[in-house]
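Q: Please take a close look at one part of this model, the aromatic rings and the nonpolar core around them, and set that part within the fold as a whole.

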Amino acid sequence: MKPTIINDFIPNHYNKGINDLIFRDASKFPWYYLPNISGWENKFNVEDVKFVNNQSGFYHLLYSQGSQASAMFQALLPFLGYVEDKFDVSINNLIRVRVGMNIHTGEEGSHYPHTDLDIPNKTLLYYLDESDGNTIFYEQKKDKLEVSLTNPHTQNQAVLFDGLTLHSSSSPVEYSKRTTININFN
């Protein structure tokens, strides 16, 4: 399944509402630190891709293992309807929903290639804010990875792809943060 990209995914007022819920009062939206945002070690050497030394980032888990993990999840229920309608898919089994935030580290480059889960699933990335930092999708060819698509972080854009596709986020350079909603489902 090649990544499918939809711009202007939700109405701008809904995107603004989600941003406000997360960022208007930071004390009400807890972030959790990860020293390695992808959770993977560097197993690959990819031509023309520089991996940053600082792999850290933050996350907030909204839904996992069949239950709501955050009150914010309720605000995303309409979002799931947009996923089904705009991509013409059914979310039969919601596996995980999380918000990830990469921060400016003073270093330009990518995080390590990874999959979110090691089971078959569909993955949706939704770019919540105006920022930079590409998402890179890879294809395994023999003993190496090759870049199959480089997608810039574009506010209010959604990307749907096979969850077993290796991909990586990148640190923002021009902006202080890069925020993505990540949904895994069958």
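A: What follows begins with the chain as a whole, turns to the aromatic rings and the cores, and ends with a few individual positions.

The model is a predicted one, and its protein chain has two helices and eleven strands. Read from the N terminus, the elements run β-α-β-β-β-α-β-β-β-β-β-β-β. The radius of gyration is 16 Å, close to the 16 Å that the globule rule gives for 186 residues, so the chain is as compact as a globular protein of that length. The C-alpha trace spans about 40 × 35 × 30 Å along its principal axes. Of the 186 residues, 51% count as buried, and the accessible surface comes to about 9,400 Å², with 48% of it belonging to carbon and sulfur atoms. When contacts with a separation of 6 or more are considered, 82% of them are accounted for by residues 24 or more positions apart.

Turning to the rings, a search of the whole structure finds twelve aromatic pairs. One of these is formed by phenylalanine 51 and tyrosine 112, whose rings are edge-to-face, with 5.8 Å from centre to centre and 65° between the planes. This pair links distant parts of the chain, since phenylalanine 51 belongs to the loop between β2 (32–34) and β3 (57–64), while tyrosine 112 belongs to the loop between β5 (94–103) and β6 (122–127), 61 residues apart. Both partners fall under the 20% limit for a buried residue: phenylalanine 51 is buried because its relative accessible area is 14%, and tyrosine 112 counts as buried because its relative accessibility is 15%.

Ring pairs also link Phe9, Phe79, Phe87 and Tyr126 into a cluster. A charged group meets a ring elsewhere in the chain, where the charged end of lysine 177 sits over the ring of phenylalanine 23, at 4.1 Å from its centre.

Phe79, a member of the ring cluster, leads on to the nonpolar interior. The largest nonpolar core has 29 residues, and Ile18 and Phe79 are the residues with the most contacts inside it. At least two residues of this core are supplied by each of α1 (12–23), β3, α2 (77–87), β5, β6, β9 (157–162) and β11 (177–185). The largest share, four residues, comes from α2. Leaving out residues up to four places away in sequence, phenylalanine 79 touches Phe9, Ile10, Tyr14, Ile18, Leu124, Tyr126 and Ile183; among these partners are Phe9 and Tyr126, which are linked with Phe79 in the ring cluster, and Ile18, which is named with Phe79 for its contacts inside the core. A second core of nine residues is separate from this one, and its members include Val49, Ile136, Tyr138 and Leu166.

Two buried positions show how individual residues are surrounded. Phenylalanine 161 lies in strand β9, and it is buried because its relative accessible area is 0%. Beyond residues up to four places away in sequence, phenylalanine 161 touches Met1, Pro3, Lys122, Thr123, Leu125, Phe137 and His167. Asparagine 36, by contrast, is 125 residues from phenylalanine 161 in sequence, and their C-alpha atoms are 22 Å apart in space.

Serine 170 is found in the loop between β10 (167–168) and β11, and it counts as buried because its relative accessibility is 7%. Apart from its neighbours within four places in sequence, serine 170 is in contact with Asn102, Gly109, Ser110, His111, Gly133, Asn134, Ile136 and Arg178. Of these partners, Ile136 is also a member of the second core. The C-alpha atoms of serine 170 and histidine 60 are separated by 18 Å, with these positions 110 residues apart along the chain.

Two loop positions deserve a note on backbone geometry. Most residues other than glycine have a negative phi. Aspartate 48, in the loop between β2 and β3, has a phi near 70°, a positive value in a residue other than glycine, and it counts as exposed because its relative accessibility is 77%. Glutamine 65, in the loop between β3 and β4 (67–68), likewise has a positive phi, of about 50°, although it is not a glycine, and it is exposed because its relative accessible area is 76%.

Key:
Residues numbered from 1 in each chain as written. Predicted model: local features only at pLDDT ≥ 70, side-chain atom pairs only at ≥ 80, totals over all residues. Heavy atoms only, no water. Phe/Tyr/Trp six-rings, centres within 6.5 Å; stacked < 30°, edge-to-face > 60°. Buried < 20%, exposed > 50% of the residue type's maximum accessible area, 1.4 Å probe, protein only. Lys NZ or Arg CZ within 6 Å of the ring centre and 35° of its normal. Rg over C-alpha atoms; globule rule 2.2 N^0.38 Å. Contact = heavy atoms within 4.5 Å. Areas by Shrake-Rupley, 256 points an atom, 1.4 Å probe, with all protein chains shown as cover. Core = buried A, V, L, I, M, F, W, Y, C linked by side-chain atoms within 4.5 Å.
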